[in-house]
Amino acid sequence: MKSRETQDLNSITHLDFPKKAKNFSPLEPFLGVLGFILVTFLFIGCLFYFDYRAVHFRGVPWLGLVGGGSSPSLSASPHAAVVQPPMVALNVNGRVGFLDEGGDSCDVYDGNWVWDDDYPLYQSQDCPFVDDGFRCLENGRPDSFYTKWRWQPKGCDLPRFNATKMLEKLRNRRLAFIGDSIGRNQWESMLCMLASAIPNKKSIYEINGSPITKHKGFLVFRFEDYNCTIEYYRAPYLVVQGSSPRGSPKGVNMTLRLDLISWTHLMWKDADVLVFNAGHWWSYEKTIGHGCYFQERMKVMMDMEIWTAFRRSIETLMDFVGTQVNTNKTQVYFRSYAPVHFRGGTWKTGGHCHQLKLPDFGPLPYKTEKLVDIFSDVLSKHSIGMQVINFMNVTPMTYRRQDGHTSLYHFGPGNGPGPLNHQDCSHWCLPGVPDSWNELLYVLFLKRESVQFTDKVQQNIL
């Protein structure tokens, strides 16, 4: 009986097949498969798109979430939408502009070095204001990778340096750098960055006709079209270095007057922008090792440690700024110590860095720089504090730029690389790392200008 039923079913199926075949359309499965393929590709494309945005534009809003951190739970508070802070305008990558509303909270020193094909901001061969020792490419350096890195804060975007805008802001004003040869490095960088907007370089000149060189005094360059000056004053300790007082102990060849600011202060204290730096000369070999001890008033302190002396010099600087500088008119900045990157020795024992071609993307040292800690501590305790002095802590970001030093290429154009045992891993190639310090100075300067303008408007209204 069972086999009979099976045969009947089979016969029905075979008989119905020709009828169904007549109604069959070959386009139906084709369209279905095509639709499935299109939907699949669309879905995969969306995944790749959002993954690309997450990698290349960190912090991009997606489904209402911003940044890489976890978003607050919507169920945590039924009234969460009521207490949300005002919306701020975000760039395409999800970061606020530093100069825009909401940018005040951004730590511009916390970030990463990112490759940027639009860099550098200028070429050394186009800038006549670069010391021969900083012209690395012209001095035979074979790679230019070090010129392509841009500093990108994690929490905001910086506006691109606009030389014309900066010059307009500096019209009829003075910008002065006071410090050691690394400060001169930064000063020459600023000269080139600003000069990139001036077609006639002859309209930029040193007011006394002095050439750019390892000058021991001061250099003042005037931008004639804007009647502004960009100035450099050599003061490696920021305080007075001079001969020892009569009756000093044996072995005291000279002293640092920790209670007196550099004699050049009479020339720069009325500038509109002051940028200080110190650190590279605060070492044993450049002080006590050379018979240079520390003095306050007429007393030479033979037992004072270098770190204590550095603290006293910074206190003297802050006292001077607080009493002798018109901070209603003058913006004051202090740029922190720029790390050196000697490997296998020091500058006089065969240390080297020429083989370092890329930034260091590893973790920063756990221990912070002693000079930075001292300055931060003094600044936090002093009466004028951060209300007056803007502390540019570039030490961590600069620590990563092991690739940017002049190394073998500091002997001037035409001389080629220097000997392997005579490298400079302290100073920086131009264009290069000091340009990034000046980009930060640029945005901080614009931010302060904006605040001062707003304050004046509010005062006029009142």
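Rings of Phe, Tyr and Trp, the last taken by its six-membered ring, count as an aromatic pair if their centres lie within 6.5 Å. The views below come from a predicted model, and by this rule the count comes to 19 aromatic pairs.

**View 1. Tyrosine 237 and tryptophan 282 form an edge-to-face pair.**
The ring centres of tyrosine 237 and tryptophan 282 are 5.4 Å apart and their planes stand at 90°, so the pair is classed as edge-to-face. Tyrosine 237 belongs to the loop between β8 and β9 (239-243), while tryptophan 282 belongs to the loop between β11 and β12 (292-296), so their pairing ties together parts of the chain that are 45 residues apart in sequence. Tyrosine 237 has a relative accessibility of 1% and therefore counts as buried, and tryptophan 282, with a relative accessible area of 4%, is buried as well. Both residues belong to one aromatic cluster made up of Tyr237, Trp281, Trp282, Phe294 and Phe310. At another member of the cluster, tryptophan 281, lysine 286 lies over the face of the ring, at 4.5 Å from the ring centre.

**View 2. Phenylalanine 375 and phenylalanine 391 form a tilted aromatic pair.**
The centres of these two rings are 4.7 Å apart, with 40° between the planes. Phenylalanine 375 lies in helix α7 (residues 370-381) and phenylalanine 391 in strand β15 (residues 389-392), so the pair ties together parts that are 16 residues apart in sequence. Phenylalanine 375 and phenylalanine 391 are both buried, and both are included, together with Phe294 and Val325, in a core of 47 residues that is separate from the largest nonpolar core.

**View 3. The largest nonpolar core contains 59 residues.**
Among these residues, Phe161, Phe177, Trp187, Met190, Leu194, Phe223 and Ile230 touch the most other members. Two or more residues each are given to this core by the strands β3 (149-153), β5 (174-179), β7 (218-223), β8 (228-234) and β11 (273-277), and by the helices α3 (163-169), α4 (181-195) and α10 (433-461). Helix α10 gives the largest share, nine residues. With residues up to four places away in sequence not counted, isoleucine 230 touches Leu170, Leu175, Phe177, Trp187, Met190, Leu191, Leu194, Leu219, Val220, Phe221 and Phe223. In soluble globular proteins, nonpolar side chains tend to be buried together.

**View 4. Strands β9, β10, β12 and β13 form an open sheet of four strands in that order.**
The pairing in this sheet is mixed. The edges are taken by β9 and β13 (299-301), each of which has a single partner strand, so one side of each is left without a neighbour in the sheet. On average, and with direction ignored, neighbouring strands are turned by 40° against each other. Strand β9 pairs with β10 (residues 254-261) in the antiparallel sense over five bridges, whereas β10 and β12 run parallel and are joined by four bridges. Threonine 255 in β10 stands opposite glycine 242, and threonine 255 also stands opposite tyrosine 293 in β12. Helix α6 (residues 306-324) lies across β9, β10 and β12, and runs at about 35° to β10.

**View 5. Threonine 213 is found in the loop between β6 (204-206) and β7.**
Threonine 213 has a relative accessible area of 35%, and is therefore partly exposed. When neighbours within four places in sequence are left aside, threonine 213 is in contact with Asp131 and Arg184. The C-alpha atoms of threonine 213 and glycine 133 are separated by 9.0 Å, although these residues are 80 residues apart along the chain.

**View 6. The charged end of lysine 447 sits over the ring of phenylalanine 98.**
The distance from this charged end to the centre of the phenylalanine 98 ring is 4.6 Å. Lysine 447 can be located within the residue range of helix α10 (433-461).

**View 7. The whole protein has 10 helices and 17 strands.**
Of its 462 residues, 45% are buried. Among the contacts in the protein with a separation of 6 or more, 75% are accounted for by residues 24 or more positions apart.

Conventions:
Residues numbered from 1 in each chain as written. Predicted model: local features only at pLDDT ≥ 70, side-chain atom pairs only at ≥ 80, totals over all residues. Heavy atoms only, no water. Core = buried A, V, L, I, M, F, W, Y, C linked by side-chain atoms within 4.5 Å. Buried < 20%, exposed > 50% of the residue type's maximum accessible area, 1.4 Å probe, protein only. Contact = heavy atoms within 4.5 Å. Phe/Tyr/Trp six-rings, centres within 6.5 Å; stacked < 30°, edge-to-face > 60°. Lys NZ or Arg CZ within 6 Å of the ring centre and 35° of its normal. Pairing = 2+ DSSP bridges. Axes fitted to C-alpha atoms, helices over the stretch in contact; angles between N-to-C directions.
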